Amino acid sequence: MMQGRCWQEMERSTLMRRRDFFKTATILGGHVMLPGGLAAQTPAFAFDSVIARARALSQQGFQPGPQAPDNLRQLGFDAYRDLRFRRDRALLDEEGSRYRLQMFHLGFLYTRPVSVSIVRDGVAQPITYRSDLFDLGRNKFDPPLPETLGFAGFRLHYPLNQPKLFDELISFLGASYFRLLGRGQRYGLSARGLAIDTAVSSGEEFPSFREFWIVPPAPGGEQIMIYALLDSPSVTGAYAFALYPGEASQLTVQVTLFARKPIRKLGLAPLSSMFFYGENQSRPATDYRPKVHDSDGLLIHTGAGEWIWRPLRNPNGLAVSAFLDNNMRGFGLVQRDRAFDHYQDLDLRYEARPTYWIEPVGAWGEGHVELIEIPTPDETNDNISAFWVPRSELKVGEPISFAYRLRALMSVSNVDVDHPGGRVVNTFSKRLLSHEAAEHNDPTVRRFLIDFAGGELAYFMRAPGEVEVMPSAPSGQILRKFVIANPDIAGIRAVFDFKAPPNSTTDLRAYLRAGDKTLSETWIYPWRQDG
């Protein structure tokens, strides 16, 4: 999860024609005034235009397109950071506009140029690269960089946290990656346009957005539209992003995909994040911080109405988990722990990293939510991925269309109105002490402790005996279970002892109930018992 000539000539010639055209053309209403005063009617840009582009592209062989010049590809991280867009050159700065558009320079890891156009009165006007749009810092380029260079991506700024301060709201940079912020949030995890063959032995394919079209909001409006064309050896796609900024910023995403060839595993609405360690894993002796992660769990709202919480891990080897479902209602990678003292990082502020919640628009049918966990030796790698894998295949000649909402949240409490209330806030496990193991006459028994808080659990704290923990596992034995009131979280700590055969693996499950009433989401945790 780290990221030919015919196409290149076509793209370059098309881009040059457009640039030359817009240097001499004047746009009036729905017409274009050509040099000499002749009027030409042009079809208004619409999402159908992008879909038609994707369909036509899928019928051609894949061409990777041009790359940035050698002197840009060879830039190191620090040198690339010096290439900064000048704020006073920001686009979309018309009077009354609440958006500002800035471009990302090519270089370092971002070597494939994308074209970005602004759509006004139904006509798309490409943005021309100019070196004076950027502060190049200590970088010197001889000869000067050409106007045909293009950009690596873009970002939109908006007064998200203060009325007169333009904060970064969303960015598109690298392959099909994008990131979105809500109020008071710091960048953490990422979203992607599409995942192809992730964690498949043949290797992952990374589709890329190649072209973007930005439609500014109407005067006084807040919603801005972003359209994108996706391309890869296996698939092309048309994307429409309706962006609504706010406390919980939201993207409504419409997608139409066309296959060039059969795809082994197709991941829809993919999310990528980082989990180095948390309370469920030992921290490195060299690190002072109690936790280091962008997300601490996968949350799923199933089609049957069950809420599932799966704590994330930094495993010893590649781990792939699948959660079968029909018409899944939502899933997301969640940063649930919001206490600074649980992270103690003044620079990176992990407690302010957003949750991304995916909610299908319409029925997505049968399939599964897939969670992929990859070992990482530090916090610099995105080692977590989650996405929806439909049971039906994307076939050549049979496009599929789907839609979903993505929200950047600090809490899912404002979307999970039918959540049973009790949420997992901590997951611990330990080997039993000698006197505890003697109770079972077996030192291999493991004790699991799960803290639940929220919903009605504070009500049951004075009578925790009314609450029962319901643990289960497909293999192994549950030997003992009990609950304890936990006043520090105004909730309940569930405890159970578990014995598994040597060298076996299983998925543990547990939830709380009072009588026939479910009080919490379902905790699921994979366990391997060493020999």
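Which backbone oxygen does the side chain of Arg-210 reach at 3.3 Å? Let's work it out together, along with four more exercises.

The model here is predicted, so local features need pLDDT of at least 70 and side-chain atom pairs count only at pLDDT 80 or more, while totals for chains, interfaces and linings use all residues. Residues are numbered from 1 along each chain as its sequence is written, and side-chain values use heavy atoms, with hydrogens and water left out.

**Exercise 1.** Place Arg-210 and find the partners of its side chain.

Step 1. Look in strand β14, residues 208-215, to find Arg-210. Strands (E, at least two residues) are DSSP runs, numbered from the N terminus.

Step 2. Arg-210 counts as buried because its relative accessibility is 12%. Buried means under 20% relative accessible area, exposed over 50%, and partly exposed in between (1.4 Å probe, protein chains only).

Step 3. The oxygen we asked about belongs to the backbone of Pro-64. A polar atom of the Arg-210 side chain also lies 2.8 Å from the backbone oxygen of Gln-63.

**Exercise 2.** Describe the open sheet that contains β30 and β33.

Step 1. Write down the strand order: β29-β30-β33-β32, four strands with antiparallel pairing. Two strands pair if DSSP finds at least two bridges between them.

Step 2. Find the edges. They are β29 (423-431) and β32 (477-486), each of which pairs on one side only.

Step 3. From one strand to the next, the twist averages 20 degrees.

Step 4. Zoom in on β30 (residues 446-453) and β33 (residues 491-499), which are antiparallel and joined by eight bridges. Here Leu-449 stands opposite Val-495 of β33.

**Exercise 3.** Find the partners of strand β26 and say how covered β26 is.

Step 1. Strand β26 spans residues 366-373, and seven of its eight residues are buried.

Step 2. Eight bridges pair β26 with β23 (residues 319-326) in the antiparallel sense. One bridge pair is Ser-321 with Leu-371 of β26.

Step 3. Seven bridges join β26 to β27 (residues 384-390), again antiparallel. Val-369 has Trp-388 of β27 as its bridge partner.

**Exercise 4.** Examine the backbone at Pro-143, Asp-197 and Asn-327.

Step 1. Recall that most residues other than glycine have a negative phi, and most peptide bonds are trans.

Step 2. The peptide bond from Asp-142 to Pro-143 is cis, with omega near 5 degrees. Pro-143 sits in the loop between β8 (134-135) and β9 (153-162).

Step 3. Asp-197 has a positive phi, near 55 degrees. This residue lies in the loop between β13 (195-196) and β14, and Asp-197 is buried, at 12% relative accessible area.

Step 4. Asn-327 has a positive phi too, near 55 degrees. Asn-327 lies in the loop between β23 and β24 (330-334), and counts as partly exposed because its relative accessibility is 33%.

**Exercise 5.** Describe the lining of the largest cavity.

Step 1. A cavity is a set of points, on a 1 Å grid over the protein atoms alone, where a 1.4 Å probe fits but cannot get out; lining residues have an atom within 4 Å of a point.

Step 2. The lining has 15 residues, and those nearest the centre are Glu-279, Asp-296, Trp-309, Pro-311 and Val-425.

Step 3. Two or more lining residues come from each of β22 (307-311) and β29. Strand β29 gives the largest share, four residues.

Note on methods: Axes are lines fitted to C-alpha atoms, for helices over the stretch in contact, and angles run from 0 to 180 degrees between N-to-C directions. A polar contact is a pair of N or O atoms within 3.5 Å; within protein, one must be able to donate a hydrogen and the other to accept it, and residues adjacent in sequence count only if both atoms are side-chain atoms. On a 1 Å grid over the protein atoms alone, a cavity is a set of points where a 1.4 Å probe fits but cannot get out, and a pocket is an open set with protein on both sides within 12 Å along at least five of seven lines; lining residues have an atom within 4 Å of a point.
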